[in-house]
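Reader: I would like to learn how to read the features of a protein model one at a time, with the general idea first and the particular case after it. Could we work through one together?

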Amino acid sequence: SSTITCVNEKTLIEALEKKLNISGINLSPSIHGGDNKVFFIKKDSPIIGIAKCYTKRTLKEVEKNSKLSHLLHKELPIPHTIDIFIHDQIPIIIQTFLPGQHYEYLNPEQLDTVAHNMAKMHMVRLNNVDFTINTKEFDYSDLLKLCPDFPDYKFIFQLYESLDLQYVNDLPLSIIHGDFSCSNILFEDNKISGIIDLDHARYSYRLTD
């Protein structure tokens, strides 16, 4: 995987202009994206797209995630992938821009809409697309071992070790978002206008969502 953390905006603009066959664009960084570098692509002032630079993912991983997003795009308000390419050793994805606003706290009507859209996502069929499930999704032993200085670490680890996780084998499976949160949902009034950041989407346990 790439571990590059700096993105040359000038050369990225040149690459995006070539890919989009448009000139005179500029980039505006987004506060969202986590480890990734996300830019709004602008022409004059309107936002015409999103450029997401994956500093810790391979091109193959980005393409696989885009393929899954394409399945969901038919049923849900998810950004459409315009192009995927490598620039300065970094996988870049260009997506359509979805308008809307984030809310830190959701009202009951918004929560109901989120639940409805989550259910729609869980009903989407894979259509013979091969996505391997992560059978260690609820295995936190390795993670816990990295936190020996955490308060009450020994008690928490002993408690985890005492759990019977056989129930996991009976949990329903489906396509999941993997990171349903207020920062990844856009609203126009009380209606969802966009579900973004599907970097953790996968075929796995519905309980995760």
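Author: Let us start with a term that the first case needs: a residue is called buried when its relative accessible area is under 20%, exposed when that value is over 50%, and partly exposed in between. Please keep in mind throughout that this is a predicted model.

Reader: With that cut-off in hand, how many of the 5 residues of strand 8 are buried?

Author: In strand 8, which covers residues 191–195, 4 of the 5 residues are buried, so the strand is largely enclosed by the rest of the structure. Strand 8 runs antiparallel to strand 7, and 4 bridges join the two. Within this pairing, Glu-188 stands opposite Lys-191 of strand 8, and the hairpin of the two strands has 2 residues between them, where Asp-189 takes a positive phi near 60°.

Reader: How should I read a positive phi in general, and which residue in the loop between strand 2 and strand 3 is a case to examine?

Author: The general idea is that most residues other than glycine have a negative phi. In this structure, Asp-44 has a positive phi near 65°; this residue lies in the loop between strand 2 (37–43) and strand 3 (47–53), and with a relative accessible area of 65% it counts as exposed. Asp-197, likewise not a glycine, has a positive phi of about 55°, and its place is in the loop between strand 8 and strand 9 (202–205).

Reader: Let me turn to charged side chains: what is the general idea, and how many salt bridges does the count come to?

Author: Side chains of opposite charge can pair when their charged atoms come close. Here the count comes to 4 salt bridges. In one of them the side chains of Lys-19 and Asp-83 meet, with 3.8 Å from N to O; this pair links distant parts of the chain, since Lys-19 belongs to helix 1 (residues 9–20) and Asp-83 to strand 4 (residues 81–87), 64 residues apart. Lys-19 is partly exposed at a relative accessible area of 43%, and Asp-83 also counts as partly exposed, at 23%.

Reader: Which residue forms a salt bridge with Lys-52, and are the two partners buried or exposed?

Author: The partner of Lys-52 is Asp-199, and their closest N and O atoms are 2.7 Å apart. This pair, too, links distant parts of the chain, with Lys-52 in strand 3 and Asp-199 in the loop between strand 8 and strand 9, 147 residues apart. Both Lys-52 and Asp-199 are buried. A further salt bridge brings together the side chains of Glu-137 and Arg-202, at 2.5 Å from N to O; Glu-137 is in the loop between helix 3 (108–123) and helix 4 (141–145), whereas Arg-202 is in strand 9, 65 residues apart. Salt bridges that share partners also join Lys-52, Asp-197 and Asp-199 into one network.

Reader: How do the two partners Glu-137 and Arg-202 compare with the cut-offs you gave?

Author: Glu-137 has a relative accessible area of 12% and is therefore buried, while Arg-202, at 25%, is partly exposed.

Reader: For a residue in a loop, which contacts does Ser-183 make once its neighbours within four places in sequence are left aside?

Author: Ser-183 is in contact with His-32, His-102 and Ile-196 when those neighbours are set aside. Its loop runs between strand 6 (173–176) and strand 7 (185–188), and at 32% relative accessibility Ser-183 counts as partly exposed. The side chains of Ser-183 and Ser-181 are also joined by a polar contact of 3.1 Å.

Reader: Which residues form a nonpolar patch on the surface?

Author: The patch is formed by Phe-150, Phe-155, Ile-156 and Leu-159, which together have about 400 Å² of accessible area. Leu-159 is found in helix 5 (residues 153–162), and its relative accessible area of 44% makes it partly exposed.

Reader: To finish with the whole chain, how many helices and strands are there in the protein?

Author: The protein has 5 helices and 9 strands, and 37% of its 209 residues count as buried. Among contacts between residues at least 6 apart in sequence, 62% join residues at least 24 apart.

Note on methods. Residues numbered from 1 in each chain as written. Predicted model: local features only at pLDDT ≥ 70, side-chain atom pairs only at ≥ 80, totals over all residues. Heavy atoms only, no water. Patch = residues over 30% accessible without salt bridge, like charges linked within 9 Å, V, L, I, M, F, W, Y side chains within 5 Å. Areas by Shrake-Rupley, 256 points an atom, 1.4 Å probe, with all protein chains shown as cover. Helix = DSSP H or I, 4+ residues; strand = E, 2+ residues; numbered from the N terminus. Buried < 20%, exposed > 50% of the residue type's maximum accessible area, 1.4 Å probe, protein only. Contact = heavy atoms within 4.5 Å. Polar contact = N/O pair within 3.5 Å; in protein donor to acceptor, adjacent residues only side chain to side chain. Pairing = 2+ DSSP bridges.
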